[in-house]
Amino acid sequence: MQVTMTVNGASFTSDVESRTLLVQHLRDNLNLTGTHVGCDTSSCGACTIVVNGEAVKSCTLLAVQCNGAEITTIEGLASNNALHPIQEGFREKHGLQCGFCTPGMIMASWQLLERNPNPSDGEIRHALEGNFCRCTGYDNIVKAVQWAAQNS
Amino acid sequence: MGKLIGESVKRVEDRRFTTGTGQYTDDIVLPRMTHAHIVRSHLAHARIRSVNTAAAKSADGVVTVLTGEDFKDIGGVPCGWQVDFKDGTTMHEPKHPILVADKVRHVGDAVAVVIAETKGQARDAAELVEVDYEELPVVTDATEALKAGAPQVHDDLPNNMVFDWELGDQGATDTGIANAHHVTKLEIRNQRLVPNAIEPRSYIGDYDAARDFYTLYTSSQNPHVIRLLMCAFVLELPEHKVRVVSRDVGGGFGSKIYHYTEEALVIWASKQIGRPIKWTAERSESFVTDAHGRDHNTTAEMGFDDAGKITALRVRTDANLGAYLSTFSTCIPTYLHGTLLQGQYTTPAIHISLNAVFTNTTAVDAYRGAGRPEATYLIERLMDTAAAEMNIDPAELRKRNFIPPFDGVNQPGYQTQVALQYDSGNYIAAMEKALETIGYQDLRREQEEARKQGRYLGIGFSSYIEACGIAPSAVVGSLGARAGLFESANIRVQPTGKVSVYTGSHSHGQGHETTFAQLVADNLGIPMENVEIVHGDTEQIPFGMGTYGSRSLAVGGSAISRSLDKVKEKGAKIAAHLLEASVDDLDFADGKWTVRGTDKSKAFDEVSLAAYVPHNFPEGMEPGIEFNSFYDPANFTYPFGTHIAVVEVDPDTGTVTLQRFVAVDDVGNIINPMIVDGQIQGGVAQGVGQALLESANYDESGQFSTGTYMDYAMPRADDLPSIEVSQNVTPCPHNPLGVKGCGEAGTIGATPAVVNAAIDALRPLGVTDLEMPLSPPRVWSAIQQASA
Amino acid sequence: MIPAAFEYYRASSVDEALALMQQHGEDAKVLAGGHSLVPAMKLRLATPEKLIDIGGISGLQGIQDRGDHIAIGALTTHWQLESSDLVQQKASALSQAAGAIGDVQVRNRGTIGGALAHADPAADYPGAILALNATLVIRGSGGERTVAASGFFTGLWETAVQDGELLTEIRIPTDAANANSCYLKFPQPASRYPYVGCAVAMTTSGGTCSDVRVGFSGVGESAFRDSGVENAMRGQAVSEASAKFAGDQATNGRSVLSDWSVSEEYRRAMAKVFAKRALLQVGR
């Protein structure tokens, strides 16, 4: 099936199998490998991206469901070579170690700050319940999001 | 030293990881690449009557289908550590084939592989592979597997024994227990865990027929070791014609140390089909094929005299190693567990006897901490339990038994009853700092007040020690290791004064590109951006033993330190020549050599340029500045600390909420405090995970009950409080950096503190023991039983 | 991770969806937000031959105040319900149940209609739908019919929606009890599906419970109203003691689900604990 979507500002039209998951489409067809796959039960959140302004798990959407969608992935968050404040925050507060969960964690944080520009510690932890990190223990991720909130 | 060591320098690697431009193995695409899907057993134990691949072979896009028959004459993946029976009999080491042909021995055992043009085609065709099984009885528990009449995992290996093993003075220990004023005894189940690095394992095998050359891209913690094992034991490939690349790796926690069958599979099959092959685990596969951790059944007894001094520790353990022996599986319950039973205490007699056992389960190997968490758990659970039984404050009981401070320089190292010699330690200092940080006296008063209101607060301790900086090769060799555990570092000074460092350590989250660059830049007096740290490629790095056992800085960093000394030594000779001075008259500081008492100097980049443009060069000296060092440590390092957990338990539901966690650790000297704090916090989260949430379970038919994240409870952001970490510094006396290692400390220390806290909370209700994980149903049942 | 192949059809109206459903019959599954079906397809627990995507039907979106009831389009997402002021005020149990589902990303895409039609015994909504005394609107080729929530959940994975029919709307009465309702969830730590989910809608008068509806999610094979709790609470002054007594009636005479992670005994006990807590929360 033919699908057209705008990804990080550029339009892409591709022929995909109807069973193609959005994350596979991004990674395998559009070579946007910053979005990761960490599980097969929609649990870990490593594949989180933004579709039409909302954070979603791209492993739980079919590419064909996203015909006409506006998509932002981790590769599209920085603008003009300047890191987004959330990206800066993760670096500033050591909110990542191995980096594998990081793109999804950052995109989920983006959603939080869109809806709640000054979240509390507890609100951040709740908002990130759908994103697993095995490295950091989350403490520095919370601080990274707070840093981003203060520096946005 | 300069300005960088000891500073929380922001990480070099974060730019790529925060922008989605890292390159993990599954991100790599090679021309003409095919995709593999492995057909796995859904049964825990069954004889394979037949495998029919005809339909799969003719399915759309299928390149080939291979079965166990294709691998019958090829080696299995080996175990890297030989631990023999007490009576000297050689360890039982069955072949772990790449694909099994005779029988499957655990859910997830690999029976066939489909290689196809696309992932989807491989997956579809895999459904067409017909395997006819004859089901066999199953055993999944180590203690059950030892009983007469238990199902035999390997037909020719009686009683499912891998080996039996002991350490310590049995006679003295029995006497110490028999004569004790008080004996505390616990039956402990240290449950099986799944490491769960968020990046699933991923491999690409690429055989180049024109060069007769093999390349393996792998999500591994130690590419050279994979190459060595694959070449020397499994496939008998020429090592100089094999390149193993392991660049960005999404977490390991031990599970990516080992040589896995799928690595050998994609390399071997790539040659058969003449095309690259990628295999990436789905998470459901990771759950049943990544080596698991822990899984000990233990009886532990500790004797005390009437002053609360420990008289002896006696431990009996059945360690479940799963269906096959993973690379380091055999040393975990023995030399990384039995040898740690001294803890921080002056226990005069210790004895452990242990059975290592085959079962119809996924292989068990090192998972963060690896043996040391199991040792710490039993010791520290005994300490808090004994304190309650003897009505002594748990902090006080520990203080009565701590080994007095020793720095390993002015005072000798501490010889334990279980073979090790601790390097340096100041256990009381960590305890005092932890007590002060948490406000212990106030907290106890708060606990009393809460109890009056029907709220159940608990305070739990853990004073742990670990052996890391793994490891002195001669020592481990004498204990059965089939490898040395040194590390290498090559430093190449480029003509313009830029520096490339090729380290055998491997970063999969630890931040070596930053910490090692701080070390090198400070030593050479050059900016950090002039230093590049290269890891994870056997074509670039002379050799490497990889990263695990908190060894990177202590061993890999020390290797870098040795090479830095050589660089500076040669640089000084060149500078002396250029300055027409004696080497003895030069000072090296801020990146230049200065003739003492003058303003005559040569900068680092002037010297490096002279080294590569040696028009005016010392007679007899070779051009260039490049040095490799192999550093083999003199001893393990012994980080230690005290952790205190505060929990509240809801008696109506059994929910345990971790309210505070204070970790005071002593990991020796620190190069990047931010990274050390992060390692400790992340480690604590995994330790808390074991205490409260995580458990890998098999049912009676050997099915894995916890094979997805819907059943295996991972710690999430809202499960944890902020972890309060701080450090004391007792330098390691035997390595050039004085560092000990921080990767596992948090995990080793945290678990018993949390469990002790929950039991402390519920003691007024009569609860004296809890089994991990402290899930609400389990805690609730314990409360019900205690009050019944 | 990769679903089995299927044919994909996109419906742009309810009529088109119904026509496609009639054309493809049992081979076809309806895809709404996809957050129940796609996960099952990835593990090949579901292998539909055809999918009819109704996600683009604009008429099934949104929340409307219709005076005596709130009308919720079947494709309204969990996040829309969680964040709606109207739902928070008039049917707080529903917004709390929506906010308890999955995680932020799941709530952004998952829909109430999809979740209800899936009828997972562990889903959050059903107990709330029962306590709120909702009415469900179902369309088929023969037209539209309504079903009371009490008749909607017919068994394990089963609802009153028949083959060829589509759940299109959920109607929540705007009564005093629904404005004073809550949903309390006690999640299993791994999946975060409920050990127990308890919804209570109560009217009180001078501290006395004049009427109450109690619905449980995740406890039995399908969600249920618990008349034992309701009868024990109705007419009583709301107190710790009366709520405990009423809560203790929970699940009496009913079978309760168990699995490797939770015993029947525990789930039953927790139903009683959370019934009491929910009663106290809305009874204060």
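Here is a short tour of a predicted model, with stops in chain A, at the side of chain B that touches chain C, and at a pair of strands in chain B.

Start by selecting chain A and colouring by secondary structure. You'll find five helices and five strands, and walking from the N terminus the order is β-β-α-β-β-β-α-α-α-α. The radius of gyration is 15 Å, close to the 15 Å the globule rule gives for 152 residues, so chain A is as compact as a globular protein of that length. Its C-alpha trace spans about 45 × 35 × 25 Å along the principal axes. Colour by burial next: 64% of the 152 residues count as buried. If you draw a contact map, take the contacts between residues at least 6 apart in sequence; 62% of those join residues at least 24 apart.

Now show chains B and C together. Here 18 residues of chain B are in contact with 13 residues of chain C. On the chain B side, pick out helix H3 (119-126) and helix H19 (776-787), the elements that give two or more residues. H3(B) supplies the largest share, three residues. Colour that side by class and you get seven nonpolar, five polar and six charged residues.

Last stop: stay in chain B and select 655-666 (strand E27) along with strand E28(B); the two pair in the parallel sense over six bridges. Zoom in on Val662(B), whose bridge partner in E28(B) is Glu724(B). To see how the chain gets across, add 673-692: helix H17 of chain B links E27(B) to E28(B) in a right-handed β-α-β crossover. Finally, show side chains on 723-728. Ile723(B), Val725(B) and Gln727(B) point to one face and are buried, whereas Glu724(B), Ser726(B) and Asn728(B) point to the other and are not.

Notes:
Residues numbered from 1 in each chain as written. Chains lettered and ligands numbered in written order. Predicted model: local features only at pLDDT ≥ 70, side-chain atom pairs only at ≥ 80, totals over all residues. Buried ≥ 20, exposed ≤ 12 C-beta atoms within 10 Å, placed from the backbone. Helix = DSSP H or I, 4+ residues; strand = E, 2+ residues; numbered from the N terminus. Pairing = 2+ DSSP bridges. Right-handed = clockwise from strand over helix to strand, strands pointing away. Contact = placed C-beta atoms within 7 Å. Nonpolar A, V, L, I, M, F, W, Y, C, P; charged D, E, K, R; others polar. Rg over C-alpha atoms; globule rule 2.2 N^0.38 Å.
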